[in-house]
Each structure stands twice: as structure tokens, then as C-alpha cells.
Amino acid sequence: MAKLHPLFGGEVTNVDLSKPIDQAGIDAIQAALDQYAVLIFHGPKLTEEDQIALAERFGPLEGQNGVLATNVAARVSRKLVDISNLDEKDDVLGTQDRRRMFALGNQLWHTDSSFKKTPAKYSLLHAHKVTPEGGETQFVDTRAAYDALPDKIKARIDTLQAEHSIFVSRGKLGFTEFSDEERRANPPVHRSLVRVHPGSGRKALYLASHASHIVGQPVPDGRMLIHELMEHATQPQFVHTHKWAPGDLVIWDNRCTLHRGRPYDEVNHRRDMRRATVSDLDPAVQDQRAA
């Protein structure tokens, strides 16, 4: 295991994910994720079936992968999230395509599915086609970011909750064209601002561009606090940037990380990435308004 950043991230060598992995191997990957939060594997391209089968070794996959009700045929398996600039005919999306404008939100710092009643545990993103320039993914370990906070701030935030909504992150880009059906399917949820990461026992900030405000506080005050924490967590000393190659598969733990995609030439280059998302079934992190 080669460490990628002084604080987190590991590069795994001599592992071919296209071949069967025994339970001891899966346990070793999970233990490494508990320590490193982000793992990068290089290797051959996986079939969709192989990627899904690998992801399911870590738990059930999300049942609801899309937000937009497009009424068009899916380009990839319904068990995967299509992280590409391609349409159902494998053509590059037009600049005004609703799917493209929605996907621009992936360039904001976020935690996958923090806006869903059942959030995400792990994400497994696999590269089929990459761009010659741009399109990197950046990661932050929010345990390290929490550790670096002053004790006074830690005491202030430890019991707070934030409200998360996919429409908050997209609204920051001015994209608000959602149907009533899409809005009803994705109501806002409440999440603890600080959580204990189960595998390491360390406290982590639980942040995302989806976070709107702090529950029980005036909205402007809560938004300023979230803004300050996001700026703190994404300082350069906390960030690792991954430049993709075809066949790369990156697994990250959404319970203790932030990530974002970087811009690339979407008109002249094709980017084909597919994500499997493992659900976090811990009852303690379901929509906390239900408690």
C-alpha cells in the first residue's frame, strides 16, 4: 500500500479486481478504507456486472440512483450511476441538456447521497474513458479536517444538525428546473454535522454542498457556519487530487470524506465513468427528524 497524501489515501498495487476476491480480501479492503478513507486501484476495465458484483460485497446498493425523471433509456445499468457527458445514444450531451446542467453540481464539494433518507457508505467509481486534460477528482478526509479545528469550534458544533437537499446544491448553480415529482421524491433530510466514523472511532465533519442550514438556528447564521467549515475542510493541505487513467477504480468512504470533480472540455472530449454506491444502513444516520 502506497500512501497518497500525508493524512489519508492509499494506492493498492498487485490486485486485479476483475478476478474473484475472497472474503479475507474484502475484509482487508474495508480495514484499509477505515484507515485511509480513499483507495485507488489500477487495472483492467471491469464489466458492469463485475463492478456491481464487487460493490455488493460491501453491502446493498442504492435503490434510487437518479434524481432527474428523464423518461429516456439508461445508458448504463440501473444499479450504477452514469458519471459521463454522454447520452443514451452514446453521443456527447448538448450544452443545454438538462442532464448536463444537473451533473455540473458534481464539481461542488459534496458527500454522495447525504440528501437521501438512506445515505451512502462507500462509492466505487470506475473509469472507462478519460479526458486528456482536466476531469480529475479531488478528495478530503473530514476526520483530519475535524482534528484540525480549534477545541472551541468542536464544542460548538458537536451536537448540531444540518438540513440536506439535492435542490440546495443545484440551486447554487442556478439550476432549479425540477418537476413536482422530482421534488416529492427527494425531500430534505437532517444529518448530524459531526459523526463518529464507525471503522476508526474518529470524529468526522459530515458536510456537503447539499447542506442548506443548521437546524434550529437562523438560516443566515447556519449557512455562514457551514460555509466556514467547508472552507476549512477544503484547504489545500487537506486535499488529494486523483488524475484518472482507463481502468482505475477508486473506492471512498462517504462517512468521512468530501469529493468533487474538476472541469474538462465537455464538448470535444468524451468522459465515461460509472459509480456503484453502497448504502449506509446504520439506523443512527437515517433521516434524523424521524427520531
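This is a short talk about one sheet, its central strand 13 and one pocket in a predicted model.

Let me start with the sheet. Seven strands make up an open sheet, and the pairing is mixed. Reading across, the order is 1-2-3-13-5-15-4. At the edges are strand 1, residues 2-3, and strand 4, residues 81-84, and each of these pairs on one side only. As general background, strands of a sheet pair through backbone hydrogen bonds, either parallel or antiparallel.

Now to strand 13, residues 249-253. In the order of the sheet, strand 13 sits between strand 3 and strand 5. What is the sense of its pairing with strand 5? Strand 13 and strand 5, residues 120-129, pair in the antiparallel sense, over five bridges. On the other side, strand 3 and strand 13 also run antiparallel, joined by four bridges.

If you want to find the register on screen, use Ile 251. Its bridge partner in strand 5 is Leu 124, and Leu 39 stands opposite Ile 251 as well. One position along, Val 250 stands opposite Leu 125.

Is strand 13 enclosed or open? Five of its five residues are buried, so strand 13 is largely enclosed by the rest of the structure. For that call, buried means under 20% relative accessible area. Both faces are covered: on one side are Leu 249, Ile 251 and Asp 253, and on the other are Val 250 and Trp 252, all buried. Note that Asp 253 is in that buried set.

Next, the helices. Helix 1, residues 23-36, lies across strands 1, 2, 3, 5 and 13, and runs at about 125 degrees to strand 3. Helix 2, residues 48-56, lies across strand 5, strand 13 and strand 15, and runs at about 25 degrees to strand 15. Strand 13 is therefore crossed by both helix 1 and helix 2, and the strand is largely enclosed.

Last item, a pocket. The second largest pocket has a volume of about 270 Å³. It is lined by 14 residues, and the closest to its centre are Lys 172, Ser 209, Ile 226, His 227 and Met 230. Which helix gives the largest share of the lining? That is helix 8, with five residues. Helix 8 covers residues 219-233, and strand 11, residues 211-214, also supplies at least two lining residues. By class, the lining has seven nonpolar, four polar and three charged residues.

Methods. Residues are numbered from 1 along each chain as its sequence is written. This is a predicted model: local features need pLDDT of at least 70, side-chain atom pairs count only at pLDDT 80 or more; totals for chains, interfaces and linings use all residues. Side-chain values use heavy atoms; hydrogens and water are left out. Two strands pair if DSSP finds at least two bridges between them. Contact means heavy atoms within 4.5 Å. Axes are lines fitted to C-alpha atoms, for helices over the stretch in contact, and angles run from 0 to 180 degrees between N-to-C directions. On a 1 Å grid over the protein atoms alone, a cavity is a set of points where a 1.4 Å probe fits but cannot get out, and a pocket is an open set with protein on both sides within 12 Å along at least five of seven lines; lining residues have an atom within 4 Å of a point. Grid points are joined across faces, edges and corners, and a volume is the space filled by probe spheres set on the points. Ala, Val, Leu, Ile, Met, Phe, Trp, Tyr, Cys and Pro count as nonpolar, Asp, Glu, Lys and Arg as charged, and the others, Gly among them, as polar. Buried means under 20% relative accessible area, exposed over 50%, partly exposed in between (1.4 Å probe, protein chains only).
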